[in-house]
Amino acid sequence: MSNTVTAVVPAAGIGSRMGSELPKQYLMLNGKTILEHTLGRLLAHPAIEQLVVALAPHDTWFDALPMARDPRVLRVEGGGERANSVLNALMVVQSDWVMVHDAARPCITAGDLDRLIAVAREGEGALLGSRVRDTMKRTNAADEVIATVDRDQLWHALTPQMFPTRTLRRALEEGLALGALITDEASAMERAGYCPRMVEGRADNLKVTRPEDLALASLYLRQQDA
């Protein structure tokens with residue numbers, strides 16, 4: 001297999017929990033949009049030869065970004081769900097390996113990308129994650145605690161997640177055709193019988209989901225740049 005990787009960024013969501021009129025990936029963060037930070041980090045890595053971004057059909061903001069004119073960046077139309085957007089992007093990917101990364105994770109580092117790529121290439125793919133540190137509780141429908149869950153070997157799944165392109169495409173196609181719940185790329189691979197490796201990533205690989213996350217992401221970016 002080739003050493004090159006294509007990055008896929010699903011960016012067709014609206015981020016309703018941010019409470020903003022703009023999709024969250026276009027909110028400003030340290031002088032740039034969140035999406036500019038995210039795409040810039042990926043494009044700066046030497047192993048990534050191309051980037052495919054899946055955009056909503058009504059997206060009117062992407063063309064104003066500098067990377068919209070980067071010849072390495074392709075755009076496709078996103079779907080109703082993340083899995084549909086990723087699958088649409090995979091249809092134009094030519095490289096043997098693909099890594100999928102959340103549009104709203106602007107603090108991804110080159111070191112995490114290096115580790116992910118190395119481990120993914122050793123087997124059936126890999127994803128970044130962080131170990132669960134807090135006590136885990138299970139509740140009933142009334143939000144009453146009914147159990148404490150053993151956190152040993154529990155992880156928070158992060159992105160990027162990296163897999164062989166053809167294998168991931170087939171796993172997503174099969175899962176979507178059967179109406180399976182696909183929350184991330186690894187879940188599609190797991191359902192297809194594969195066992196992705198977990199790679200422990202940095203704690204500052206934050207996903208901007210709520211308004212208070214913007215201040216934390218700003219701090220992390222300043223610390224990393226320093």
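**Close-up 1. When do two aromatic rings make a pair?** Rings of Phe, Tyr and Trp (for Trp, its six-membered ring) pair if their centres lie within 6.5 Å. Go by that rule in this predicted model, and you end up with 1 aromatic pair. The partners are Tyr26 and Trp61, with 5.5 Å from centre to centre and 35 degrees between the planes, which makes the pair tilted.

**Close-up 2. What does the pair of Tyr26 and Trp61 tie together?** Tyr26 sits in the loop between β1 (5-11) and β2 (28-29), while Trp61 sits in the loop between β4 (48-55) and β5 (73-77), so the pair links parts that are 35 residues apart in sequence. Are the two partners equally tucked away? Here is how they compare with the cut-offs: Tyr26 has 4% relative accessibility, so it counts as buried. Trp61 comes in at 29%, so it counts as partly exposed.

**Close-up 3. Here is the largest nonpolar core, with 33 residues.** Leu35, Leu42, Leu51, Phe62, Met99 and Met162 have the most contacts inside it. Several elements chip in two or more residues, including β1, α1 (34-43), β4 and β10 (155-164). The largest share, 5 residues, comes from α3. As a general rule, nonpolar side chains in soluble globular proteins tend to be buried together.

**Close-up 4. Zoom in on Leu35 and its contacts.** Leaving out residues up to four places away in sequence, Leu35 touches Val9, Ala11, Gln25, Tyr26, Phe62, Leu65 and Ala103. Apart from the largest core lies another one, of 21 residues; Val93, Val98, Leu172 and Met189 are among them.

Methods. Residues numbered from 1 in each chain as written. Predicted model: local features only at pLDDT ≥ 70, side-chain atom pairs only at ≥ 80, totals over all residues. Heavy atoms only, no water. Phe/Tyr/Trp six-rings, centres within 6.5 Å; stacked < 30°, edge-to-face > 60°. Helix = DSSP H or I, 4+ residues; strand = E, 2+ residues; numbered from the N terminus. Buried < 20%, exposed > 50% of the residue type's maximum accessible area, 1.4 Å probe, protein only. Core = buried A, V, L, I, M, F, W, Y, C linked by side-chain atoms within 4.5 Å. Contact = heavy atoms within 4.5 Å.
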